[in-house]
Amino acid sequence: MRAERKPNRTQFQVLWAYVRPYGWVLALSLLLVAVVGLLEAVTPILIGLIFDTLLRASTTPTVAIPWINVQLNVSAYDGRVFLLLLVVATAIKAFAEYGSVNAIAYLGQSVVRDLRSELFE
């Protein structure tokens with residue numbers, strides 16, 4: 001089934017016809033990229049908490065959230081908890097990034113395979 005080029009179809013619409021069967025892969029990859037982005041933002045916060053609690057860089061370690069004017073006092077927590085959270089966050093981030101890269105590679109190769117098989121039928 002060769003895709004007919006209609007005059008009013010954009011290149012995106014033509015390409016989307018080939019990507020649509022693999023929409024679940026695209027959604028999975030975007031979800032994994034969002035997880036990586038979220039964990040990239042959390043990493044510096046955890047590093048700061050490790051310095052403040054475990055290395056005693058601050059007398060009253062707090063986490064300030066400026067948009068909602070909240071300050072959380074974390075001096076009661078042991079710094080090793082934040083160290084463990086940093087290791088877990090890094091491991092999850094690595095697996096999510098690996099999964100995202102592989103999902104996008106699978107999507108791209110599948111779309112190219114479908115295009116080639118339709119072209120050379």
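**Exercise 1. Which helices do the buried residues of H3 pack against?**

Solution.
Step 1. Start with the status of the model: it is predicted.
Step 2. List the buried residues of H3. They are Gly79, Phe82, Leu86, Ala89, Lys93, Ala96, Ser100, Ala103, Leu107, Ser110, Val111 and Glu118.
Step 3. Look at what faces them. These buried residues pack against helix H1 (11-19) and against H2.

**Exercise 2. Describe the overall make-up of the protein chain.**

Solution.
Step 1. Count the elements. The protein chain has three helices and two strands.
Step 2. Put them in order. From the N terminus on, they run α-α-β-β-α.
Step 3. Turn to burial. Of the 121 residues in the protein chain, 24% are buried.
Step 4. Turn to the surface. About 9,000 Å² is exposed, and carbon and sulfur atoms supply 67% of this area.
Step 5. Check the reach of the contacts. Take those between residues at least 6 apart in sequence: 71% of them join residues at least 24 apart.

**Exercise 3. Where in the protein chain is confidence lowest, and where is it highest?**

Solution.
Step 1. Take the average. The mean pLDDT of the protein chain is 85.
Step 2. Take the share. A pLDDT of at least 70 is reached by 83% of the residues.
Step 3. Go element by element. Strand E1 (residues 62-65) has the lowest confidence, with a mean of 67. Helix H3 has the highest, at 94.

**Exercise 4. Compare the spans of H2 and H3 with the expected values.**

Solution.
Step 1. Take H2, residues 23-53. This helix has 31 residues. From first C-alpha to last it reaches 45 Å, close to the 45 Å expected at 1.5 Å a residue.
Step 2. Take H3, residues 79-119. This helix has 41 residues. Its end-to-end C-alpha distance is 60 Å, close to the expected 60 Å.

**Exercise 5. Trace where H2 and H3 meet, using single residues.**

Solution.
Step 1. List the buried residues of H2. They are Val25, Ser29, Leu32, Val36, Leu39, Thr43, Leu46, Leu49, Ile50 and Thr53.
Step 2. Pick leucine 46, in helix H2. Its relative accessibility is 9%, so it counts as buried. Not counting residues up to four places away in sequence, leucine 46 touches Phe82, Leu85, Leu86 and Ala89.
Step 3. Add a distance. Leucine 46 and leucine 85 are 39 residues apart along the chain, yet their C-alpha atoms are separated by 7.5 Å.
Step 4. Pick serine 100, in helix H3. At 7% relative accessibility, serine 100 is buried. Leaving aside neighbours within four places in sequence, serine 100 contacts Ser29, Leu32 and Val33.
Step 5. Go to glycine 23, in helix H2. Its relative accessibility of 23% makes glycine 23 partly exposed. Leucine 107 is 84 residues away in sequence, while the C-alpha atoms of the two are 8.7 Å apart.

**Exercise 6. How many salt bridges does the structure hold?**

Solution.
Step 1. Count. There are two.
Step 2. Locate one. The side chains of glutamate 40 and lysine 93 meet at 3.4 Å, N to O. This pair links distant parts of the chain: glutamate 40 in helix H2 and lysine 93 in helix H3, 53 residues apart.
Step 3. Compare the burial of the partners. Buried means under 20% relative accessible area. Lysine 93 has 12%, so it counts as buried. Glutamate 40 has 43%, so it counts as partly exposed.
Step 4. List the company of lysine 93. Beyond neighbours within four places in sequence, lysine 93 contacts Val36, Leu39, Glu40 and Thr43.
Step 5. Locate the other bridge. Aspartate 114 pairs with arginine 113, with the closest N and O atoms 3.7 Å apart. Arginine 113 is partly exposed, at 46% relative accessibility.

**Exercise 7. Which residues form a nonpolar patch on the surface?**

Solution.
Step 1. Name the members. They are Ile47, Phe51, Leu54, Leu55 and Leu83.
Step 2. Give the area. Together they have about 420 Å² of accessible area.
Step 3. Place one member. Leucine 83 is in helix H3.
Step 4. Test that member. A patch residue needs over 30% relative accessible area. Leucine 83 has 37% and is partly exposed.

Terms used: Residues are numbered from 1 along each chain as its sequence is written. This is a predicted model: local features need pLDDT of at least 70, side-chain atom pairs count only at pLDDT 80 or more; totals for chains, interfaces and linings use all residues. Side-chain values use heavy atoms; hydrogens and water are left out. Patches are made of residues with over 30% relative accessible area and no salt bridge: like charges are joined within 9 Å, nonpolar side chains (Val, Leu, Ile, Met, Phe, Trp, Tyr) within 5 Å. Accessible areas come from the Shrake-Rupley method with a 1.4 Å probe; for residues, only the protein chains shown count as cover. A salt bridge is a side-chain nitrogen of Lys or Arg within 4 Å of a carboxyl oxygen of Asp or Glu. Helices (H or I, at least four residues) and strands (E, at least two) are DSSP runs, numbered from the N terminus. Buried means under 20% relative accessible area, exposed over 50%, partly exposed in between (1.4 Å probe, protein chains only). Contact means heavy atoms within 4.5 Å. pLDDT is the predictor's confidence in each residue, from 0 to 100. The expected span of a helix is 1.5 Å times one less than its number of residues.
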